[in-house]
Amino acid sequence: MHKLGLIGGLSWTSTARYYAIINQAVHRALGGQHSAPLLIESLDFAEVARCATENDWDCAAGQLIGAAQRLEQGGAGALLICANSMHRVYDRVQAAVGIPILHIADIVGKKMKADGIEKAALIGTRNVMIEKFYRQRLVAHGISLLPADMELADRIDRIVYDELTVGKVSKESERYMKSELTDIAKEDVQAVVLACTELELIVDVKANVLPIYDCTGIHAKAGVEFILG
């Protein structure tokens with residue numbers, strides 16, 4: 001097996017999901033007592049979130065670059081950035097290391113294209129929903145996206161930063177997301193891209209009218225493919 005590096009702590013709740021998904025998949029593939037050879041650099045999310053909130057992306061890039069370089073030095077053969085929003089600095093982090101970083105939007109876009117999806121709604125935190133760095137990656141795979149819903153983006157930001165990143169799961173937020181997904185299903189789209197690694201905590205990705213592409217699970221499974229070679 002090949003050793004995979006995770007840049008985590010973005011937040012710890014989603015990093016825990018990556019760890020579980022990857023190890024469960026390796027165990028299913030190999031059986032016995034097998035688990036995944038992983039290196040995890042878990043950053044202090046308060047510091048990274050402060051950079052993002054202040055739009056200081058040089059600060060955020062510096063933290064992720066340091067983490068990526070330490071993982072490479074530790075023997076990782078490839079990396080995952082365990083957050084959709086932090087892919088805003090993907091190009092800078094990738095340029096700073098000599099090993100591949102598997103881009104979450106590219107992985108998801110390829111799967112959607114293979115499944116024949118052409119129109120979708122993208123939901124996640126504000127910068128993922130409205131900025132080009134993420135949307136353009138999906139569009140490059142032939143996916144047409146609904147315009148960003150600013151009210152939804154702002155509400156998701158509050159849910160993620162005030163609740164999910166600290167491990168709080170509320171029924172109110174679950175109901176809100178279910179209602180929004182029901183409304184999205186009435187639009188001219190074939191699927192929803194769940195582009196926030198924490199949203200899986202309050203969205204049942206298997207119990208919706210539209211197919212939901214859970215970026216956390218899809219990204220983690222791409223990491224498993226690398227591990228198993």
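Visitor: In helix α1, which spans residues 12-30, what distance separates the first C-alpha from the last?
Guide: The model is a predicted one. Helix α1 has 19 residues, and at 1.5 Å a residue a span of 27 Å is expected. The computed reach from its first C-alpha to its last is close to that expectation, at 27 Å.

Visitor: Which residue follows α1, and what is its phi?
Guide: The helix α1 covers residues 12-30. The residue that comes after α1 has a positive phi, near 70°, and is G31.

Visitor: Which elements are included in what covers the buried residues of α1?
Guide: Several residues of α1 are buried, among them T13, Y18, I21 and V26. The cover over the buried residues includes two helices, α5 (104-114) and α10, and also the strands β1, β2 and β3.

Visitor: What is the strand order in the open sheet of three strands?
Guide: The pairing in this sheet is parallel. Strands β2 (38-42) and β3 (78-81) each pair on one side only and are the edge strands. Strand β1 and β3 pair over four bridges. The order is therefore β2-β1-β3.

Visitor: Which residue in β3 stands opposite L6?
Guide: Strand β1 comprises residues 4-8 and pairs with β3 in the parallel sense. Opposite L6 in β3 stands L80.

Visitor: At about what angle does helix α10 run to β3?
Guide: Helix α3 (residues 57-73) lies across β1, β2 and β3, and runs at about 155° to β1. Helix α10 (residues 215-228) also lies across β1, β2 and β3. Its direction relative to β3 is about 170°.

Visitor: Which cysteines form the one disulfide found in the whole structure?
Guide: A disulfide is a covalent bond between the sulfur atoms of two cysteines. A search of the whole structure finds one. Its two sulfur atoms are 1.9 Å apart, and the cut-off is 2.5 Å. The pair is C51 and C59.

Visitor: Are the two cysteines of this disulfide buried or exposed?
Guide: A residue counts as buried under 20% relative accessible area. C51 has a relative accessibility of 0%, and C59 has a relative accessible area of 19%. Both values fall under the cut-off, so C51 and C59 are buried.

Visitor: Why does C82 form no bond with the closest cysteine sulfur?
Guide: C82 is buried, with a relative accessible area of 0%. The closest cysteine sulfur is in C215, which is likewise buried at 0% relative accessibility. The sulfur of C82 is too far from that of C215 for a bond, because the distance is 13 Å.

Notes: Residues are numbered from 1 along each chain as its sequence is written. This is a predicted model: local features need pLDDT of at least 70, side-chain atom pairs count only at pLDDT 80 or more; totals for chains, interfaces and linings use all residues. Side-chain values use heavy atoms; hydrogens and water are left out. Two strands pair if DSSP finds at least two bridges between them. Contact means heavy atoms within 4.5 Å. Axes are lines fitted to C-alpha atoms, for helices over the stretch in contact, and angles run from 0 to 180 degrees between N-to-C directions. The expected span of a helix is 1.5 Å times one less than its number of residues. Buried means under 20% relative accessible area, exposed over 50%, partly exposed in between (1.4 Å probe, protein chains only).
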